[in-house]
Amino acid sequence: MKVFIASVLLAAALAPAAYAADRPAIHGMLVFGKSTIYLSHLPMFHSPHDYQIIVEAELQDSALQTYLNDQKTNPDQTLYTLEPLEKFTLPDEIQNLKSFHATLFRGHFERDGVPIATDITVSIKAVVYFHQFDPAAKKPEVLTYLFFGHPGETFLAHWITTAPDFDQVLSVSFASAQSPTLPPGQLYSLLQIPAHPDTQPLDPSDLGSALATALKQYYLEFDDLSH
């Protein structure tokens, strides 16, 4: 199975005026990673939640230890989420790399998740990807993912474009000869899976054992992006 990388530029400069209509809201986030903690905004196609955002973050020491220990004691649990305790607009949070307070959940914070750490401080350290959805966007012809991470811990997140769509985040370990690389100065690349339409999520068998030596799914959501 061949996979190729299409490099794209990170939209680092955000014009505040373009997002003036956003209202402050609570923005739930997926939490994943171990050596580096990542947050992925749980999006929808309506304002003010119409953004795909992935960031590198830090949890305060006690919360980080709770998170790591909980994964050890619940090895089959893959889903952890954050519910911020204050409202904010996503462009302002990203542009200024602010800290915020949140509750950390095992499971989905809106779907019977269990709080495991409360009133924790979360600090955004770097923006991996930031994009506001465009109603006029066209889906890519083939299954497309954001590839990001650091050596020893890399991830794929489905590149969300327009409804109906799906949100999927996976960890993946590539065979050394086949591992994608990140262009200098960028924190992600676009990885495309030829011969797979961008309508169904990636399955471990789609990559092939010769290419990917491990694959773990952290999140898969259709309903929030159905319209």
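User: Which elements supply at least two residues each of the lining of the largest cavity?

Analyst: Strands β3 (37-41) and β4 (51-59) and helix α2 (90-96) each do so. Helices (H or I, at least four residues) and strands (E, at least two) are DSSP runs, numbered from the N terminus. The model is predicted: local features need pLDDT of at least 70, side-chain atom pairs count only at pLDDT 80 or more, and totals for chains, interfaces and linings use all residues. Residues are numbered from 1 along each chain as its sequence is written, and side-chain values use heavy atoms, with hydrogens and water left out.

User: What makes E93 the charged part of the lining of the largest cavity?

Analyst: The lining includes E93, and Asp, Glu, Lys and Arg count as charged. The lining divides into 7 nonpolar, 2 polar and 1 charged.

User: Why is the pair of F32 and F148 called edge-to-face?

Analyst: Rings of Phe, Tyr and Trp (its six-membered ring) pair if their centres lie within 6.5 Å; planes under 30 degrees apart count as stacked, over 60 as edge-to-face and the rest as tilted. The centres of F32 and F148 are 6.2 Å apart and their planes differ by 65°, so the pair is edge-to-face. F32 lies in strand β2 (residues 29-32) and F148 in strand β8 (residues 143-150), 116 residues apart.

User: Why is the pair of F105 and F109 called tilted?

Analyst: The centres are 6.4 Å apart and the planes 50° apart, so the pair counts as tilted.

User: How do you know whether F105 is buried or exposed?

Analyst: Buried means under 20% relative accessible area, exposed over 50%, partly exposed in between (1.4 Å probe, protein chains only). F105 has 8% and is therefore buried.

Note on methods
1 Å grid on protein atoms, 1.4 Å probe; cavity = no way out; pocket = protein on both sides within 12 Å on 5 of 7 lines; lining within 4 Å.
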